[in-house]
Structures are given as C-alpha cells and as structure tokens.
Amino acid sequence: MSKPTTPAENPQLKDIVAHAKEYGFVFQSSEIYDGLAAVYDYGPNGVELKNNLKRLWWEAMTQLHGNVVGIDAAIFMEPRTWEASGHVAGFNDPLIDNLDSKKRYRADVLIEEKAAEYEKAGDPARGAALTAELGRLLTANDLAGVKQLIIDEKITDPLSGSSKWTDVRQFNLMFSTQGSAVDSDAPPVYLRPETAQGIFVNFLNVQKSARMKIPFGIAQIGKAFRNEIVARQFIFRMREFEQMEMQFFVRPGTEGEWYETWKAARRRFHEALGLPAEKLRFHDHDKLAHYAKAAVDIEFEFPFGFKEIEGIHSRSDFDLTQHQNLSRKKQQYFDNDIDESTGKPYGNYVPYVVETSVGADRLFLATICQAFQEETITEGEGEAQTTKQRTFLKLHPAVAPIKAAIFPLVRKDGMPEKAQQIFDDLRFDFRLVIEDKDAIGKRYTRQDLIGTPFCIVVDGQTLEDDTVTVRHRDTREQTRMPISALRAYISEAVSFRRVFEKL
Ligand code: ATP
C-alpha cells in the first residue's frame with residue numbers, strides 16, 4: 001500500500017500540521033469560516049521561515065551567478081500570453097468522479113498510486129509498465145483508455161472502496177476573472193498558473209536593459225494559481241501558491257549540457273539546506289508537457305512518500321517562438337561569438353531554455369517535515385533519573401525564524417536590563433526574542449518547538465564578568481562565552497555562506 005496522503009489519514013503529517021498551526025507557522029485560510037479548501041496563510045514564524053527560504057534561493061540564483069538577474073512580473077498578463085503558452089488549450093488534468101462517494105480525483109494520480117503500490121510490493125517492473133502505459137494514453141489524449149486502465153487495474157475509490165467511476169474528462173486548471181470594468185464582453189484575464197511566462201515576455205527587455213549575453217538566466221519569485229482537483233495534502237498542493245523559477249537562455253544545441261548542469265546544481269541546493277541525500281531522488285517524466293524536450297522532478301520523501309518539490313525542464317525554443325508568432329514581435333538574440341565550424345558569428349536565433357521551477361511552499365513543507373524531531377531524553381542520575389519526550393525543529397540555522405532567544409535567569413538583580421542591552425546590540429544583525437516568563441526549562445522548550453538554534457542565558461555570573469551561557473538546540477549543550485563574542489558566534493552559524501559554500 002502507498003502511504004496515506006492526507007493529514008486525516010497520515011499520523012506523522014497530522015502531527016506536523018497541528019504543530020505548524022499551534023506554533024504560528026501555517027493556518028488554514030479564513031479558518032473562522034471553516035476555511036477555504038487548499039488555501040493557507042503563513043503565521044509569524046511561518047512567514048520568517050518562508051522568507052528565509054525564498055531569500056536563500058534568490059541569492060543562490062542572482063548573487064552567486066553573475067549571469068542570472070531577477071524580475072518581478074505582474075500576476076495578470078495579456079490573455080493572449082496563455083494562448084501562446086498553450087495553457088488555454090492544454091493546461092488540463094484528467095478528472096474522474098466516483099459515483100458512490102461523490103469525490104473527484106485526478107485519474108492519472110490514481111494510476112500513479114497503483115504503480116507505486118506495485119513498486120512497494122517488490123514488483124517495480126509492473127509499476128513502471130503501468131506508468132509507461134499511462135504516459136502513452138495521456139500523450140494520445142485517449143481518455144477512454146485511461147478509464148479502461150482504471151477498471152483493468154481494479155482501482156477503487158481510496159475512501160469508499162467503490163469502483164463506480166464516471167468517464168474521464170479534461171479540466172482546465174486556470175482561474176480567470178473579469179478583465180475590464182467597462183467592457184463586459186472583454187476576454188477574461190487569467191491568474192497566472194506559472195510565473196515563467198512573465199519571464200518569457202520580458203526576455204528582450206531584460207536582455208537589452210541588463211546587457212545580458214547568452215547563456216544567461218532570469219529568476220523570479222511570485223504567486224501562481226491553479227484550480228487543483230485533488231487538494232487534500234496540506235500545503236503540498238494549494239490553489240494559490242508561490243513559485244521560484246529561473247529560465248536559463250542558451251544557444252540551441254547546448255541545452256543538453258545546461259540541463260545536466262542545472263539538474264545537479266538544484267539537487268545540491270536541497271542537500272545544502274539539510275534535506276538528506278537518501279530522501280531526495282530524481283524522477284524522469286514519462287509524459288512530457290507540451291513544451292518540454294526533457295523533464296525531471298526532484299522528489300523528496302515526505303511522510304506520504306516521494307513527491308515532487310522541483311521540476312527541471314528543457315523547454316526548447318517553444319515559448320519564445322510561440323510568443324514571437326502570436327505577438328508578431330521578433331524574440332531573437334544576436335550572438336556574435338564565433339562558431340568554430342563555420343568561422344562566422346552564430347548570428348540571430350531564438351534561444352533555447354532550461355528551466356528550474358521549485359514551489360516555495362513545497363520547499364517549506366519539505367523543510368519542516370525534515371526538521372520535525374521527537375526524541376526521548378534522560379535527565380538526572382541514579383534514583384533521580386527521569387525520561388521525557390522532547391519535540392524540536394532541527395531547522396538549518398540560516399532559515400530558522402528566530403536566531404537566538406535571550407533569557408534573564410530571574411526578573412531582578414539587573415538581569416532583565418542586561419538581557420535588554422544584549423538584545424539592543426544584536427538586533428541590528430539578527431532576529432531575536434527576549435523571554436523572561438516561566439522556568440528556564442520551559443523557555444528552552446518553547447524555543448525548541450519553533451527551531452531557535454541558540455538560547456542565551458543572563459545569570460548572576462554575567463553581572464560579574466560579562467559572560468553568558470549559550471544553549472544549543474540540537475545537543476542541549478551549554479557553552480559559556482563573553483557577550484562580546486556573541487555576534488561572531490551566531491553569525492558564523494546562521495550565515496547563508498554556510499549553505500552557499502556547499503553549492
Ligand atoms: P504536480 O505534478 O505535483 O502537480 P507540476 O509538475 O504540475 O506539479 P510544475 O508545473 O512543474 O508542477 O511546477 C513547478 C513547481 O511548482 C512544482 O515542483 C511544485 O513545487 C510547485 N507547485 C506546482 N503546483 C503546486 C501546487 N498546486 N501547490 C503548491 N506548489 C505547487
């Protein structure tokens with residue numbers, strides 16, 4: 001059996017969802033009205049974690065690569081953009097309804113889950129054959145064939161066990177809204193289903209204004225919207241989400257090399273952030289999207305199994321050529337490098353594109369799933385020995401919402417003032433909190449639950465010699481050090497450099 005994918009059915013995911021809510025990471029949108037399906041809000045700790053992940057990605061793209069620049073395009077685009085990109089005609093998912101449970105499913109997902117079951121049961125060949133057959137049917141748009149496959153494989157509704165299925169039909173995932181306040185016949189404008197097209201339509205603006213030479217990339221972080229059919233996996237599949245995409249424009253014929261380069265680079269990024277190598281894998285696409293020459297997913301092992309967090313796609317010159325044709329504006333680049341085979345410049349061409357596309361929310365979910373740790377700890381010695389459970393978020397310090405918490409041991413004798421002095425000095429460099437309520441142990445627990453890497457305790461000795469103890473989240477060990485050493489010590493641990501050095 002494949003692992004249950006919904007919080008209600010998967011205890012580990014359920015714990016993470018509850019933790020995310022209780023400690024201010026993720027809330028259901030409009031919860032007081034019982035929520036809006038597959039839409040979520042980020043709380044005070046969630047927004048910090050997400051912003052840190054986004055900033056890391058942004059800097060890894062635009063700061064570490066001299067030939068990658070960023071843009072921030074609008075969500076609304078001229079509707080013809082989505083005709084050119086193929087989304088109006090082809091951005092569909094095959095949908096199937098169960099007549100007994102009245103639940104709606106993605107037919108391809110039901111079949112993929114069956115294939116995963118074969119794989120788990122030790123028959124990977126059968127799983128692979130099933131996935132290949134699905135790919136063949138979808139490429140041929142043979143929806144009757146997809147339904148027949150569901151029947152032949154005896155796939156039943158995961159909730160009710162029923163096998164009474166409707167026919168499979170295509171469902172367009174784009175949201176649209178009224179485009180004009182004055183002309184009710186004006187075509188709808190779409191809420192972009194991917195950020196990539198904002199990059200393509202700006203290709204020449206960016207190339208010219210930033211004087212970019214091929215090969216070069218354009219990076220963007222922004223909201224995307226998809227009317228997902230099955231959306232029961234917390235922030236894994238949302239209707240409003242955020243993408244971090246980079247389109248890398250290359251000379252035709254070199255796209256294969258760049259595809260391999262970016263594939264490896266993007267995997268290193270996830271490992272550098274702390275996702276273990278054995279929980280990451282590549283998954284080649286069996287069914288290529290209408291624009292793709294080659295495509296691979298980087299999958300992470302979530303509590304509900306290996307699932308995509310990022311896609312790397314070799315998109316050929318599809319998008320730029322489509323925009324060139326529909327807009328009647330040339331989307332060409334003049335390459336004055338010399339082609340050794342002819343001795344002449346490469347000249348004008350429509351560049352090829354290799355894309356890396358990662359969901360900020362999926363990266364967030366992977367990060368928090370990996371960080372969520374429960375351990376049994378033993379305290380005291382001999383008869384006084386006790387054991388207790390500890391839950392903590394083992395986040396990479398570079399992305400932790402709060403870098404250090406400062407605790408005056410007691411609320412007197414000048415300790416709160418000393419704590420405040422440390423806070424006032426370090427707040428220019430780091431996000432910190434001061435906590436003076438409850439026993440120290442309780443305060444440590446509260447910080448462990450949100451993944452704060454360091455707790456700084458101001459005690460009696462601090463007042464005598466200006467030293468503090470620094471308690472480490474993962475080991476619970478304490479180190480005594482001068483207040484003057486804190487900045488360098490924390491900087492060293494939380495610096496993005498620690499991640500970038502591994503890329
Ligand atoms: P899936 O097969 O899971 O629907 P996809 O192949 O359609 O994903 P892409 O179009 O390649 O996804 O989008 C790139 C990235 O955007 C994905 O790897 C994922 O991280 C993110 N993403 C896509 N759809 C969603 C969604 N509904 N909610 C959250 N993130 C998403």
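A biologist asks a modeller about the ligand shell, two helix pairs and one loop of this structure.

Modeller: This is a predicted model, in which local features need pLDDT of at least 70 and side-chain atom pairs count only at pLDDT 80 or more, while totals for chains, interfaces and linings use all residues. Residues are numbered from 1 along each chain as its sequence is written, and side-chain values use heavy atoms, with hydrogens and water left out.

Biologist: What makes a residue near the ligand, and which come nearest?

Modeller: A residue is near if one of its heavy atoms lies within 4 Å of the molecule. There are 17 residues around the ligand, and Glu 228, Arg 237, Met 238, Glu 308 and Ile 309 come nearest.

Biologist: Why is the pair between the ligand and the side chain of Glu 228 called a polar contact?

Modeller: A polar contact is a pair of N or O atoms within 3.5 Å; within protein, one must be able to donate a hydrogen and the other to accept it, and residues adjacent in sequence count only if both atoms are side-chain atoms. A ligand nitrogen is 2.8 Å from an N or O atom in the Glu 228 side chain, so the pair qualifies. A ligand oxygen is 2.6 Å from an N or O atom in the side chain of Glu 308, and a ligand oxygen lies 2.8 Å from a backbone N or O atom of Ile 309. The protein covers 86% of the 600 Å² of accessible area that the ligand has on its own (Shrake-Rupley method, 1.4 Å probe; for residues, only the protein chains shown count as cover).

Biologist: Which element gives the largest share of the shell?

Modeller: Strand β13, with 5 residues. Strands are DSSP runs of E, at least two residues, and helices are runs of H or I, at least four, numbered from the N terminus.

Biologist: Why is the crossing of α5 and α7 called left-handed?

Modeller: A crossing is left-handed if the near helix is turned anticlockwise from the far one by less than a right angle, and right-handed if clockwise. The crossing of α5 and α7 is left-handed, whereas α2 passes α10 in a right-handed crossing. The angle is about 35 degrees for α5 and α7, with axes 10 Å apart, and about 145 degrees for α2 and α10, with axes 12 Å apart (axes are lines fitted to C-alpha atoms over the stretch in contact; angles run from 0 to 180 degrees between N-to-C directions).

Biologist: Which residues of α5 and α7 meet?

Modeller: Ala 107, Leu 110 and Ile 111 of α5 meet Val 146, Leu 149 and Ile 150 of α7 (contact means heavy atoms within 4.5 Å).

Biologist: What makes the loop between α9 and β9 worth a look?

Modeller: Most residues other than glycine have a negative phi, and most peptide bonds are trans. Arg 211, in this loop, has a positive phi near 50 degrees. Pro 215 is also placed there, and a cis peptide bond joins Ile 214 to Pro 215, with omega about 5 degrees.
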